[in-house]
Amino acid sequence: MEDWRKIIKENINMKNMNTLKIEAIAKYYSEPENIERLKDCINFAKKNDLEIFILGNGSNIIFSKDYYEDTLFINMKNFKKIQRIENKIVVEAGVKSKDLINFCIKNEISGFEFLAGIPGSIGGMIKMNAGAFGREISELLDELKIFDINSYEIEWIKKESIEFKYRELIGLDKKIIIAGKFRVSYSSKNIIKNKVKEFLKIRKKKQPSGFSAGSIFKNPENNFAGKLIEECNLKGFSINDAFISEKHANFIINKGNAKGKDILKLIEIAKNKVKNKFGIDLEEEVKIV
Ligand SMILES: Cc1cc2nc3c(=O)[nH]c(=O)nc-3n(C[C@H](O)[C@H](O)[C@H](O)COP(=O)(O)OP(=O)(O)OC[C@H]3O[C@@H](n4cnc5c(N)ncnc54)[C@H](O)[C@@H]3O)c2cc1C
């Protein structure tokens, strides 16, 4: 790649690329337009011995550093097509859940309503096996289009060849999700709209507003992380501009200028208190970068 600066930008502030709104500078950052440019990015990273981090909508990540010198951040936002093929839809990784829901309403496609209000991209939601109201995105998935960072091969793989767990997908290291193929069912516009409205209403009632990354911890078996943290009297506890939400103790909110390290400190305190009081190890759902 001769003129890499056309594809890779330097010293980009990623504050608006994560829903916690943490400031972090990427020495190398790219928003490839297509597979060819994605390959150029991977070449660049390999040549310069850089780590690769794939960014979706940044709604489940915590930037722990102020400056990333040895990582190339690849934002998949330009992979944003949705195609309908018979009784399936192919949704590219950068499509946001909101846009998918709007597409479903317009085309009278039912089944995706529970994803309303999850502020992720399809790539991130598949990678995290996002879910709500007792459902998970993997239930709707048929096949996955992936790009192999080592071999540069692109292939469609069946859902059965991957292991989906609670907020986790096993066995896709060194692979980039390019698209997902989903089964669809049909309903009327009004029924779909009403379901979406209902889910959004419940969310609004239960979840705090403000800059967050959603649930910080996975729920331990037969328990709720938020309840355990609340019972350690940590609601409202803060470090600088980061605080544990009064409304839902599994959410950490950035009042404006929180740093990644403030949030990590709160995570450590919550984990220690819950371990000491209940003997339970909380496990992060969020990805710490
Ligand atoms: C207010 C709020 C509410 C939320 N509610 C829910 C909820 O109800 N249920 C739920 O499950 N989650 C919830 N979340 C968390 C979050 O939205 C989900 O985990 C979502 O799936 C993350 O998607 P993303 O595109 O933002 O991924 P990112 O945060 O950008 O990335 C998450 C991980 O996926 C990887 N990744 C992203 N795109 C790709 C790709 N194309 N290929 C390979 N890897 C990729 C990243 O490298 C990273 O490891 C909530 C978050 C917020 C802020």
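**Exercise 1. A loop residue**

In which loop does aspartate 49 lie? Determine its phi and its exposure as well.

Solution.
- The model is a predicted one.
- Step 1. Aspartate 49 belongs to the loop that runs between α1 (35-47) and β3 (51-55).
- Step 2. Its phi is positive, about 55 degrees, although aspartate 49 is not a glycine.
- Step 3. For comparison with the general rule: most residues other than glycine have a negative phi.
- Step 4. The relative accessible area of aspartate 49 is 67%. The cut-off for exposed is over 50%, so aspartate 49 is exposed.

**Exercise 2. A second positive phi**

Locate arginine 167 and decide: is this residue buried or exposed?

Solution.
- Step 1. Arginine 167 sits in the loop between β13 (163-165) and β14 (168-170).
- Step 2. Phi of arginine 167 is near 55 degrees, which is positive in a residue other than glycine.
- Step 3. Buried means under 20% relative accessible area. Arginine 167 has 15%, so it is buried.

**Exercise 3. The sheet that carries α1**

Work out the strand order of the sheet containing β1, β2, β5 and β3, and find its edges.

Solution.
- Step 1. The 4 strands form an open sheet, ordered β1-β2-β5-β3, with mixed pairing.
- Step 2. The edges are β1 (8-13) and β3; each has a single partner strand, so one side of each has no neighbour in the sheet.
- Step 3. On average, and with direction ignored, neighbouring strands of this sheet are turned by 35 degrees against each other.
- Step 4. Take the pair at the β3 edge. Strand β5 (residues 67-75) and β3 pair in the parallel sense over 5 bridges. Within this pairing, phenylalanine 53 has phenylalanine 73 in β5 as its bridge partner.
- Step 5. Add the helix. α1 packs on the sheet and touches β1, β2 (25-30), β3 and β5, and its direction makes about 160 degrees with that of β5.

**Exercise 4. Domains**

Into which domains is the protein chain divided, and how many residues of domain 1 are in contact with domain 2?

Solution.
- Step 1. The division gives domain 1 (4-75), domain 2 (82-206) and domain 3 (225-288).
- Step 2. Taken over C-alpha atoms, the centres of domain 1 and domain 2 are 23 Å apart.
- Step 3. The contact involves 12 residues of domain 1 and 12 residues of domain 2.

**Exercise 5. Strand β15 and its partners**

Describe how far strand β15 is covered, and set out its pairing with β7 and with β11.

Solution.
- Step 1. Strand β15 (residues 175-183) is mostly covered, with 7 of its 9 residues buried.
- Step 2. Strand β7 (residues 88-92) runs antiparallel to β15 and is joined to it by 5 bridges. Valine 91 is bridged to glycine 180 in β15.
- Step 3. Strand β11 (residues 141-148) is also antiparallel to β15, here with 7 bridges. Isoleucine 146 is bridged to isoleucine 177 in β15.

**Exercise 6. Two helices**

Classify the relative direction of helices α2 and α4 and analyse their contact.

Solution.
- Step 1. The axes of α2 (residues 97-106) and α4 (residues 189-206) come within 8 Å, and they cross at roughly 150 degrees.
- Step 2. Angles over 145 degrees count as roughly antiparallel, so α2 is roughly antiparallel to α4.
- Step 3. On the α2 side the contact is made by Ile101, Cys104, Ile105 and Lys106; on the α4 side, by Lys189, Ile192, Lys193 and Val196.
- Step 4. Sorted by type, the residues of this contact are 5 nonpolar, no polar and 3 charged.

**Exercise 7. The sheet around isoleucine 244**

Which strand holds isoleucine 244, and what surrounds this residue?

Solution.
- Step 1. Isoleucine 244 is found in strand β18.
- Step 2. β18 takes part in an open sheet of 3 strands, ordered β17-β18-β19, with antiparallel pairing. β17 (238-239) and β19 (252-254) are the edge strands, each pairing on one side only.
- Step 3. The antiparallel pairing of β17 with β18 (residues 242-244) has 2 bridges. Alanine 242 in β18 stands opposite isoleucine 239.
- Step 4. The relative accessibility of isoleucine 244 is 2%, so it counts as buried.
- Step 5. Apart from neighbours within four places in sequence, the contacts of isoleucine 244 include Ile229, Leu234, Phe237, Phe251 and Leu266.
- Step 6. Glutamate 230 lies 14 residues away from isoleucine 244 along the chain, and their C-alpha atoms are separated by 9.3 Å.

Technical notes:
Residues numbered from 1 in each chain as written. Predicted model: local features only at pLDDT ≥ 70, side-chain atom pairs only at ≥ 80, totals over all residues. Heavy atoms only, no water. Axes fitted to C-alpha atoms, helices over the stretch in contact; angles between N-to-C directions. Parallel < 35°, antiparallel > 145°, perpendicular 65-115°, else oblique. Contact = heavy atoms within 4.5 Å. Nonpolar A, V, L, I, M, F, W, Y, C, P; charged D, E, K, R; others polar. Pairing = 2+ DSSP bridges. Buried < 20%, exposed > 50% of the residue type's maximum accessible area, 1.4 Å probe, protein only. Domains from an automatic or database assignment.
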